[in-house]
Amino acid sequence: METVFFLESEPQTIESLSKITKLATHVVEECLGRLKEKYSNADSGIELSQMLGGWILTPKRECFDFVKERYGKKNEGKLSKSAIETLSIIAYSQPITRAEIESIRHVNVDNMMRILLDRKFICEKGKKDIPGKPTMYGTTNEFLEFFHLQSINDLPKLDDSENERFLKLAK
């Protein structure tokens, strides 16, 4: 299993791991449990992470900080407060148009949208069926992977006051 994780660059489902290793799915699940336990030790610089419906070896965050200059793109993990705000609006409201985002933020979002599109955190999700047919945007698998989310349902839930505030801003 470790060899497969070492050679594969994308998350692997239990089914694909079973197919690759020719092991029964219950054996794969047992191996995953053992590997997760092995990598949870303090002396390991990697961990077994679940994302995008599969499993992948990733550097532990505290270890990656030491080597990100060499192995990660500079500022790869950094998004401005404005970009995070725009991305949050898209993530919680998708699909959403640029005009709807601007009505919530009360500022032009052209630059933030360009940054998020370049980083492949958002993409076009179709056209809204209203006059002018504006483009609707939503998050991508790269967004999920970057934030270590299995699906959009794993986003932190907004409490009632945050949800109410968010809905008021959208009007």
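Contacts across long stretches of sequence are a good place to start with this predicted model. Among contacts in the protein chain between residues at least 6 apart in sequence, 46% turn out to join residues at least 24 apart.

As for what the chain is built from, there are 9 helices and 5 strands. Read from the N terminus on, the elements go α-α-α-β-β-α-α-β-α-α-β-β-α-α. The protein chain has 171 residues, and 29% of them count as buried. On the outside, about 11400 Å² is exposed, with carbon and sulfur atoms supplying 53% of that area.

Now for the inside. In soluble globular proteins, nonpolar side chains tend to be buried together. Here, the largest nonpolar core is made up of 20 residues. L87, I90, I101, M113, L116, I122 and F143 are the ones with the most contacts inside this core. Two or more residues each come from α5 (81-93), α6 (98-105), α7 (110-118) and α8 (141-146). Of the elements, α5 gives the most to this core, chipping in 5 residues.

M113 offers a closer look at how this core is put together. Setting aside neighbours within four places in sequence, M113 touches T86, I90, R98, I101, I122 and Y137, all in contact with it. Two of these partners, I90 and I101, are themselves listed with M113 among the core residues with the most contacts.

That is not the whole story of the interior, though: another core, of 10 residues, lies apart from the largest one. V4, L35, Y39 and L48 are among the residues of this other core.

How values were computed. Residues numbered from 1 in each chain as written. Predicted model: local features only at pLDDT ≥ 70, side-chain atom pairs only at ≥ 80, totals over all residues. Heavy atoms only, no water. Core = buried A, V, L, I, M, F, W, Y, C linked by side-chain atoms within 4.5 Å. Buried < 20%, exposed > 50% of the residue type's maximum accessible area, 1.4 Å probe, protein only. Helix = DSSP H or I, 4+ residues; strand = E, 2+ residues; numbered from the N terminus. Contact = heavy atoms within 4.5 Å. Areas by Shrake-Rupley, 256 points an atom, 1.4 Å probe, with all protein chains shown as cover.
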